[in-house]
Amino acid sequence: MSLLLISFSFTIKSTSIMKNFVFLFQQKLLSTLRIRNFHQSNYCRKRFYSSRRVETSNPNRAKVTINTIQNLYKNKEPITVLTAHDYPTGLFVEKAGIEVCLVGDSLGMVALGYQNTSPITMEEMLHHCRAVTRGAKSPFLIGDMPFGSYETSSTDALKNAIRFIKEGNMEGVKLEGGSEMFETIQKITRVGIPVMGHVGLTPQRQYSLGGYRIQGKTADSAKKLIKDAKALQEAGCFAIVLEAVSEPIATYTTKMLHIPTIGIGAGAGTDGQVLVQQDMLGIFDRFMPRFCKQYANLDKIVTDAIKTYREEVKSGIFPAKEHSYPMEKGEYEKFLQFINENEKRSNK
Ligand SMILES: Nc1nc(=O)c2c([nH]1)NC[C@@H]1CN(c3ccc(C(=O)N[C@@H](CCC(=O)O)C(=O)O)cc3)CN21
Ligand SMILES: CC(C)C(=O)C(=O)O
């Protein structure tokens, strides 16, 4: 028995010695690999990537979750939302510290040039959602359900909402409409997909609204808006966009609800604000709603830069020496000699 115990403890010891040995070996291997990787990456950068690297992520930002949004709301801190439609615009949202990134269907107009938001498809939206998430890592990500993807039945809506999560890498969806969307919103939120409601000016219904018209200007229209907002809250929305709504009614709705309202053209009384990125940067040529503040005139900056490039190519200023690649020393002479000899041979 004791012999058995001794041999048993010896086996344990020897396996633990073996384990230690393997561990040390792994550590050594890892450190060598790390050094190799370090050399390799430096080597790659120097030898193969002559382009300059730029900052691609924001390590100082914590991930924004639905809890962060609820905390902002509780603490009465305004919630900032901005649209993005691809990698660079997603990266701008990331770097500027915006809390919620909305891949809005307005991208159909501002990025794809459609006349309105009606034609954009699920496939187009998902393609843009994926691109945005490569740039916007920290913000809470909301995908906008396109016209026709959620109205036909609550099952269709749920299927498409799930596609936004699985194929678009989104964390929630937004859909337009009021009390008539109750069942649909319930169905989506019950499987754990956060839904952002959207009332007031609902651009997907522009034909029945008679165009992009401000809502909640009359008592009757205000009554309907309030009823709709309440229904969205009851259905389980975590927030509601109030678009182009008269300021008093947007403020009233905000006070009435216990979920945050995100305004666009709804005045200063909402819990957060959302703008279309191209509008506030001055790169959308079609219209500029009164509610939008233009924080930059990128159209002019970009067009001027491209004009200068064109002029410099025409006049020979670009490319300069620093934009060109030299050959290795003495190699061009060698090359010329080869050409000369070849010519002599073919002339014979
Ligand atoms: N680039 C862009 N920005 C947006 O804000 C936006 C889109 N696209 N596409 C979808 C909807 C359409 N939106 C719009 C478009 C125009 C007006 C507009 O011109 N409104 C008039 C007031 C009209 C009235 O008095 O009823 C204005 O002068 O602001 C408003 C909202 C908002 N959304
Ligand atoms: C304007 C915002 C709220 C939107 O719905 C969009 O960008 O499509």
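**Ligand shells, barrel and loops in a predicted model**

The shell around ligand 1 is made up of 12 nonpolar residues, four charged residues and no polar ones. The structure is a predicted model. In total, 16 residues surround ligand 1. Those that come nearest are Val 110, Ile 214, Glu 243, Asp 279 and Arg 290.

Three of these residues make polar contacts with ligand 1. Asp 279 places a polar side-chain atom 2.5 Å from a nitrogen atom of the ligand. Glu 243 also uses its side chain: a polar atom there lies 3.4 Å from a nitrogen atom of ligand 1. Arg 290 contributes through its backbone instead. One of its backbone N or O atoms is 2.9 Å from an oxygen atom of ligand 1. Taken alone, ligand 1 exposes 670 Å², and the protein buries 81% of that area.

Ligand 2 has a shell of another composition. Four of its residues are nonpolar, four are polar and three are charged. The nonpolar members can be picked out by name: Leu 102, Val 241, Ile 264 and Val 276. The polar members are Thr 83, Gly 104, Ser 106 and His 198. Asp 105, Asp 144 and Lys 174 are the charged members.

Oxygen atoms of ligand 2 take part in several polar contacts. A polar side-chain atom of Ser 106 lies 2.6 Å from an oxygen atom of ligand 2. For Asp 105, an N or O atom of the side chain is 2.8 Å from a ligand oxygen. The side chain of Asp 144 has a polar atom 3.3 Å from an oxygen atom of ligand 2. On its own, ligand 2 exposes 260 Å², of which the protein buries 96%.

The fold contains a closed barrel. Eight strands form it, in the order E1-E2-E3-E4-E5-E6-E7-E8, and their pairing is parallel. On average, neighbouring strands are turned by 25° against each other, direction ignored. Strands of a sheet pair through backbone hydrogen bonds, either parallel or antiparallel. One parallel pair here is strand E7 (residues 261-264) with strand E8 (residues 272-275). Two bridges join them. In one bridge, Ile 262 is partnered by Gly 272 of E8. Strand E7 also links the barrel to a ligand shell: its residue Ile 264 is among those around ligand 2.

The chain is assigned two domains. Domain 1 covers residues 66-296, and domain 2 covers residues 302-340. Their centres, taken over C-alpha atoms, are 48 Å apart.

Two loops hold backbone features of note. Most residues other than glycine have a negative phi, and most peptide bonds are trans. Asn 169 is not a glycine, yet its phi is positive, at about 60°. Asn 169 sits in the loop between helix H6 (154-166) and strand E4 (172-174). A cis peptide bond joins Phe 318 and Pro 319, with omega about 0°. Pro 319 belongs to the loop between helix H12 (298-315) and helix H13 (331-347).

Key. Residues are numbered from 1 along each chain as its sequence is written. Chains are lettered from A and ligands numbered from 1 in the order in which they are written. This is a predicted model: local features need pLDDT of at least 70, side-chain atom pairs count only at pLDDT 80 or more; totals for chains, interfaces and linings use all residues. Side-chain values use heavy atoms; hydrogens and water are left out. A residue is near a molecule or strand if one of its heavy atoms lies within 4 Å of it. A polar contact is a pair of N or O atoms within 3.5 Å; within protein, one must be able to donate a hydrogen and the other to accept it, and residues adjacent in sequence count only if both atoms are side-chain atoms. Accessible areas come from the Shrake-Rupley method with a 1.4 Å probe; for residues, only the protein chains shown count as cover. Two strands pair if DSSP finds at least two bridges between them. Helices (H or I, at least four residues) and strands (E, at least two) are DSSP runs, numbered from the N terminus. Axes are lines fitted to C-alpha atoms, for helices over the stretch in contact, and angles run from 0 to 180 degrees between N-to-C directions. Domain bounds come from an automatic or database domain assignment.
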